[in-house]
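Hi,

Here is the structure I said I would pass on to you. Have it open while you read, and click on each residue as it comes up.

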Amino acid sequence: MTIARTIEELRAALAEHRRAGRTIGLVPTMGFLHEGHLSLLRAARRRCDIVVMSLFVNPTQFGPGEDLESYPRDENHDIGLARAEGVDVVYAPAAENVFPEGFATTVEVGGGLTDVLDGDPGRRGPEHFRGVTTIVAKLFNSAMPDVAFFGQKDAQQAAVIRRMTRDLDFPVEIAIEPTVREPDGLALSSRNTYLSPEERERALALSRALRATADAVAGGERDVDAALDAGRAELRAAGIEPEYLEARDAEDLSAVGSFNGRPVLVAVAARVGKARLIDNLIIGEGPASDPGAPLNRDRGGLT
Ligand code: AMP
């Protein structure tokens, strides 16, 4: 396994494979790997000849007062896990190599996609996603992957990256993998490490709120606000005030008023202790929840 610290080292590690026509899969991460990340690495391993994992805590997607300094890091452990998963190249650049003096360009997805689900009053959305799309665009240009793998856990991020890829004609297929959870429902996150045992128990209310909303819809509730009430009750019972608990069109994140058979993303964000946690599920779609994908994708239909 090669560890590349600069874009030159990364390109050198991939040049031969590209010449030989091998497919390259990219898995972008901020490290402190858990089973969610490993599921992306395994998906990449299955699909592609060569697997590149990037390991970079991207400063530009953290807002002022967010946890950039304290974000958990354990590079040696991550490198060991990557090796065990058969990763071919770990790209772990220093921030000054990625954003050298004079860096002045950003990539921003408009059209409202980054303007929703951003929590009030934080208005975290657009700036956060500008940081995400700028680094992902750079990673695409650095590794030039055939396929890039992202988690459904970050549903809005997946939709934004899909749009950027389409709008800017990046020749990269975007693969979205299902959210990996603990047996009790808690979505895995590097930030779960901030939770005390008592906070971890309360954090379960996020997935319970999503489930309660889905259950209300399964029970015949069509009105979005009424269904979300079931979710709000779960959060309230755990003493959690969400940044948002919202239902959105799963493809373009536009507002929806009723559950009418189209896939709807139900997403929640909340602070529990010092961790900002997010979770989501899609109602009205099969198990491979994939916001932003064409609705008939992989359904095997003839249309
Ligand atoms: P991060 O290191 O948090 O930036 O995440 C790197 C990638 O892993 C992103 O594409 C995330 O969506 C994905 N990811 C994070 N948590 C999970 C999870 N619980 N299940 C599946 N994918 C995840």
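Below is what turned up in it, going from open and closed spaces to single residues. Keep in mind that this is a predicted model.

**The largest pocket**

Start with the largest pocket, which has a volume of about 400 Å³. It is lined by 25 residues, and the ones closest to its centre are R211, A214, L281, I282 and I283. Two elements give two or more residues to this lining: helix 7 (197-218) and strand 9 (275-283). Which of the elements gives the most? That is helix 7, with six residues. As for the chemistry, the lining is made up of ten nonpolar, nine polar and six charged residues.

**The cavities**

How many cavities of 30 Å³ or more does a search of the whole structure find? There are three. Have a look at the second largest cavity, which holds about 80 Å³ of space. Among the residues that line it are K153, G185, S189, A203, L206, L277 and D279. You will meet helix 7 and strand 9 again here, since each supplies at least two residues of this lining. The count for the second largest cavity is six nonpolar, four polar and two charged residues.

**A205 in helix 7**

While you are on helix 7, find A205, which sits in that helix. Is A205 buried or exposed? A205 has a relative accessible area of 0%, so it counts as buried. Leaving out residues up to four places away in sequence, A205 touches E234, L235, A238 and I240. You can also check its distance to R232: the two residues are 27 apart along the chain, and 9.6 Å separates their C-alpha atoms.

**The two sides of helix 3**

Now go to helix 3 (residues 75-84), where D78, I79 and A82 are buried. Why do these three belong together? They cover an arc of only 100° around the axis, so they lie on the same side of helix 3. Here is the background: an α-helix has 3.6 residues a turn, so residues three or four places apart point the same way. On the other side of helix 3, N76 and A84 are exposed. What do the buried residues of helix 3 pack against? Their partners are strand 1 (2-4), helix 2, strand 3 (50-55) and strand 4 (89-91). Just after helix 3 you will find G86, which takes a positive phi of about 80°.

**Two buried residues: H34 and R248**

H34 is in the loop between strand 2 (24-29) and helix 2 (35-47). With a relative accessible area of 18%, H34 counts as buried because the cut-off is under 20%. A polar atom of the H34 side chain lies 2.9 Å from the backbone nitrogen of G36. Further along the sequence, H34 touches L188, S189 and S190. You have seen S189 already, in the lining of the second largest cavity.

R248 belongs to strand 7 (residues 242-249). This arginine is buried too, at a relative accessible area of 13%. Where does its side chain reach? The side chain of R248 gets to the backbone oxygen of L253, at 3.0 Å. Not counting residues up to four places away in sequence, R248 also touches a list of residues including V116, L117, S254, P263 and L265.

Enjoy exploring, and write back with any questions.

Cheers

Key: Residues numbered from 1 in each chain as written. Predicted model: local features only at pLDDT ≥ 70, side-chain atom pairs only at ≥ 80, totals over all residues. Heavy atoms only, no water. 1 Å grid on protein atoms, 1.4 Å probe; cavity = no way out; pocket = protein on both sides within 12 Å on 5 of 7 lines; lining within 4 Å. Points joined across faces, edges and corners; volume = space filled by probe spheres on them. Helix = DSSP H or I, 4+ residues; strand = E, 2+ residues; numbered from the N terminus. Nonpolar A, V, L, I, M, F, W, Y, C, P; charged D, E, K, R; others polar. Buried < 20%, exposed > 50% of the residue type's maximum accessible area, 1.4 Å probe, protein only. Polar contact = N/O pair within 3.5 Å; in protein donor to acceptor, adjacent residues only side chain to side chain. Contact = heavy atoms within 4.5 Å. Arc of directions from axis to C-beta.
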